[in-house]
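Here is a short briefing for a first look at this structure. Keep the sequence and the 3D view side by side as you read.

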Amino acid sequence: MTTVEFRTPSALAEAERWTAHNYHPLPVVVAEAEGAWVTDVDGRRFLDMLAGYSALNFGHRHPALIGAAHAQLDRLTLTSRAFVHDQFAAFCGGLAELCGKDLVLPMNTGAEAVETAIKVARKWGYQVKGVPDGQAEIIVADGNFHGRTTTIVSFSTDPEARADFGPYTPGFVIVPYGDAEALAAAITPNTVAVLVEPIQGEGGVLIPPAGYFTAVREACTANNVLLIADEIQSGLGRTGKTFAIDHENVIPDMYVLGKALGGGIVPVSAVAANRDVLGVLKPGEHGSTFGGNALACAVGSAVVGLLRTGEFQERSARLGERLEAGLSALIGQGLVGVRCRGLWAGVDIDPALMTGREACERLAERGVLAKDTHGSTIRLAPPLVITEEDLDHAVAQLAAVLAA
Ligand SMILES: Cc1ncc(COP(=O)(O)O)c(C=O)c1O
């Protein structure tokens, strides 16, 4: 008789041995992936219902994106911004057009793009709005997640993200999420911007009440305050439209983008805004060695190309209805709440049954990958290329976990 030796336990132990424990991953060690499916080091297949927190909106290794990356790897990868390369204008121009804005500033990670937006808003506040030096205020929402730099955690309301990382950066005012009146009341002559997620992903896929962004837009316009939409997780097709804020036909002054912009291949983030806003930056005031590198721009251009057709947005909206119907049928069968927008769902499991972590572990045992957030809430954000059959399969596995 032959004994089969599974590689997963030793791979997990090695990872635990050599890395800081700043994450608590599910015990799955992925080796390969294609589309909506990943394969682990032991050959087991899992349906990816997280998609890298929306970094893999187009699925694993989308042929158009992999093709663009391969072609670029054979020509040029990096110049730094000391020189211009031949992929730069095409990417920035394409993305600016997709956003309906004049200019784009490319960075790498989401947090860097948020930092960029904060710096631009402050500088705009001093130079254009006339806020007294050092007095700029930015309004943010309770329960936000914008990244993990020292400035960004300064205005987090999550103790895990914030505690023990002070002293904190001043200049942020926190208001309840989804309450436009509270937000408007917090505006002062020194307010330069409102920074908000159109849907709070990390918060549990929290969708603000209808009309919220229309009212926030009005308050910003009336008080000469910039509206910054952090669409890092919600944007680029995830919710059935190019941007989640499109659901209210609201146009922010700045879009902050990341995750899916890199096609699941390279980190690519960006801020898009008009010249009167982004134009405040002068050479030397902001930048990044890798921001806007040739490989990133080639992949980013291919991502913009996929989004231009509207095919993924339409698919997300259509399959999202199917996901919502499937999940809603489980309310009372182990679920106590479901929030869906496009292919993005926050699923509240009855806390009497299990935690979100336990649910994700049991889903993984059944070959479905998802991620918990706070308490008994899990998030589903499958690649937009997922098939209807696979979507139904994921919902069936969740039903089985709840029934067990
Ligand atoms: C809305 C939002 N903003 C910012 C970030 C930070 O992005 P990154 O992890 O690439 O720094 C995230 C990441 O989850 C996010 O969801």
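This is a predicted model. Leu 257 has Ala 270, in strand 10, as its bridge partner. That pair is a way into the sheet, and the ligand site follows.

**The strand pair**
- Strand 9 covers residues 254-257, and strand 10 covers residues 269-273.
- The two strands pair in the antiparallel sense, over four bridges.

**The sheet**
- Seven strands make up an open sheet with mixed pairing.
- Their order is 4-10-9-8-7-5-6.
- Strand 4 (103-107) and strand 6 (172-175) are the edge strands, and each pairs on one side only.
- From one strand to the next, the twist averages 20°.

**The helix on the sheet**
- Helix 4, residues 88-99, packs on the sheet.
- Helix 4 touches strand 4, strand 9 and strand 10.
- The direction of helix 4 makes about 120° with that of strand 4.

**The ligand and its surroundings**
- Thr 109, Gly 110, Ala 111, Phe 145, His 146, Gly 147, Glu 197, Asp 230, Ile 232, Gln 233 and Lys 259 surround the ligand.
- This shell divides into three nonpolar, five polar and three charged residues.

**Polar contacts and burial**
- A polar backbone atom of Ala 111 lies 2.8 Å from an oxygen atom of the ligand.
- A polar backbone atom of Phe 145 lies 3.5 Å from a nitrogen atom of the ligand.
- In the side chain of Gln 233, an N or O atom is 2.6 Å from an oxygen atom of the ligand.
- The ligand taken alone exposes 390 Å², and the protein buries 81% of that.

Definitions and conventions:
Residues numbered from 1 in each chain as written. Predicted model: local features only at pLDDT ≥ 70, side-chain atom pairs only at ≥ 80, totals over all residues. Heavy atoms only, no water. Pairing = 2+ DSSP bridges. Axes fitted to C-alpha atoms, helices over the stretch in contact; angles between N-to-C directions. Contact = heavy atoms within 4.5 Å. Near = heavy atom within 4 Å. Polar contact = N/O pair within 3.5 Å; in protein donor to acceptor, adjacent residues only side chain to side chain. Areas by Shrake-Rupley, 256 points an atom, 1.4 Å probe, with all protein chains shown as cover. Nonpolar A, V, L, I, M, F, W, Y, C, P; charged D, E, K, R; others polar.
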